[in-house]
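Grab your viewer and a notepad. Here are a few exercises to work through, each with a solution you can check your own answer against.

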Amino acid sequence: MSGVYLDNNATAPVRPQAREAVIAALSLVGNPSSVHGAGRAARAVVETAREAVAALISVPASTVIFTSGGTEANALAIESAVASGSRRLLIGATEHDCVTQTALASGAAVEIWPVNAHGMADLDWLAERLSVWDAADGRPFAALMLANNETGVIQPTAQAAEILRAHNGWLHVDAVQAAGKMVVDGRGCGADSLALSAHKIGGPQGTGALTFGPRATLMRRLHGGGQERGRRAGTENLSGIAGFGAAAEACRHDIDHLAAQASWREAAVAKILSHAPVEVMGEGGLRLPNTLCLAMEGFAADLQVMSLDLAGIMVSTGSACSSGKVRPSPVLSAMGHERLAGCAIRVSGGWATTEDDWNRFADAWLEAFVRHQSRRPATAA
Ligand code: PLP
């Protein structure tokens, strides 16, 4: 690809290992459910991938259900909770739209669990809310992402889980952005269920997984065959799953490269800050090493993105699902930064990103900023 790709939180470039695994799987003829040799070969590909995905988050392979992506994995957890009697869902204020919208569409009541100015979920709110829980609302269910797609802010999921457990609650963790960018301990993070997506870690788009612990009651979401332990009928996406497994295996050995991005990112921010009074969203909390949410009051996000694009630098205005239609970021609004919600960009590195990419971003951003300033009407003295 020509240019500098810094939009890995939207989708990461496919890793060579994943591409090879996809191509190899496409050459197989078997249906993983067939009992003959070809079927068994296809089944082996699925189960090898399951082992690799499970190893990435340190859970038993038997608890991994493959889905069509992060969106479906989140939906499987939320809809299972509602099907098993949860009538009120507590949804983190900065969750991805696929979590919030699935909760709203589920028929259960939804309460938004607030975050502070750094984007961290308010644990006191959770404890207080659960202390007056109405038994008629069934088992408490809460969704809290491990890391945010726009700011990279890492949530205190283990502490949230402790609070929920005292009330027999279920914590669902969307780890779609965290996986591959930090060490994710699938059970240690407190998750009763946890969602992953292949294309955020260098696997193919359209594949994901849900892993579940003993306290989660999963429903049968798609009916028909008994695939995926009866939770999701339908012939498996063999090539997608193979690519997911290969990407998971590769990124287990790549965590240091991702961790190095934090210092490259900080150097880029320091360079920009020496010329422009930008603000870094979520800076007060723990963040993923690869993600930067940078706001400059008075410099619209879409203008920033377009200017950078002309310079060959690809970033986004926020969640990929909302790009194309530029709208102020609901994540920043939830953090109380409405003022900046229309002028923040997201810059996200990945497995293929170099230190020079972050440097080039900083230089291009400053050039765009200077041009923008020179075009602004002078304010009256
Ligand atoms: N959860 C988060 C935090 C995301 O960032 C995304 C995608 O942007 C999703 C879920 C949805 O994943 P998928 O695109 O695999 O459906």
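The exercises below cover the ligand site and two helix pairs in this predicted model.

**Exercise 1. Find the residues that come nearest to the ligand, and sort the shell around the ligand by class.**

Solution.
- Step 1: Collect the residues with a heavy atom within 4 Å of the ligand. You should end up with 14 residues, and Thr71, Asp174, Gln177, Ser197 and Lys200 come nearest.
- Step 2: Sort the shell by class, which gives nine polar, three nonpolar and two charged residues.
- Step 3: Check which element supplies the largest share: that's α3, with three residues.

**Exercise 2. Look at the oxygen atoms of the ligand: what lies 2.8 Å from one in Gly70, and what in Gln177? Then work out how much of the ligand's accessible area the protein covers.**

Solution.
- Step 1: Start with Gly70, where a polar backbone atom sits 2.8 Å from an oxygen atom of the ligand.
- Step 2: Move on to Gln177. Here the side chain does the job, with an N or O atom 2.8 Å from a ligand oxygen atom.
- Step 3: Add His96, whose side chain puts a polar atom 3.3 Å from an oxygen atom of the ligand.
- Step 4: Now for the cover. On its own, the ligand has 390 Å² of accessible area, and the protein covers 90% of that.

**Exercise 3. Describe how α3 packs against α4, then list the residues that make the contact.**

Solution.
- Step 1: Get the geometry. Helix α3 (residues 70–83) meets helix α4 (residues 97–105) at an angle of about 35°, and their axes are 9 Å apart.
- Step 2: Assign the hand: α3 and α4 cross in a right-handed way.
- Step 3: List the contact residues. α3 brings Thr71, Asn74, Ala75, Ile78 and Glu79, while α4 brings Cys98, Val99, Thr102 and Ala103.
- Step 4: Class them, and the contact of α3 with α4 comes out as five nonpolar, three polar and one charged.

**Exercise 4. Do the same kind of analysis for α2 and α7.**

Solution.
- Step 1: Helix α2 (residues 37–56) packs on helix α7 (residues 238–252) at about 35°, with the axes 8 Å apart.
- Step 2: The crossing of α2 and α7 is left-handed.
- Step 3: Pick out the partners. Residues in the contact include Ala42, Val45 and Val46 of α2, and Leu238, Ile241 and Phe244 of α7.
- Step 4: By class, the contact of α2 with α7 holds 14 nonpolar, one polar and two charged residues.

Conventions: Residues numbered from 1 in each chain as written. Predicted model: local features only at pLDDT ≥ 70, side-chain atom pairs only at ≥ 80, totals over all residues. Heavy atoms only, no water. Axes fitted to C-alpha atoms, helices over the stretch in contact; angles between N-to-C directions. Helix = DSSP H or I, 4+ residues; strand = E, 2+ residues; numbered from the N terminus. Left-handed = near helix turned anticlockwise from the far one by under 90°. Contact = heavy atoms within 4.5 Å. Nonpolar A, V, L, I, M, F, W, Y, C, P; charged D, E, K, R; others polar. Polar contact = N/O pair within 3.5 Å; in protein donor to acceptor, adjacent residues only side chain to side chain. Areas by Shrake-Rupley, 256 points an atom, 1.4 Å probe, with all protein chains shown as cover.
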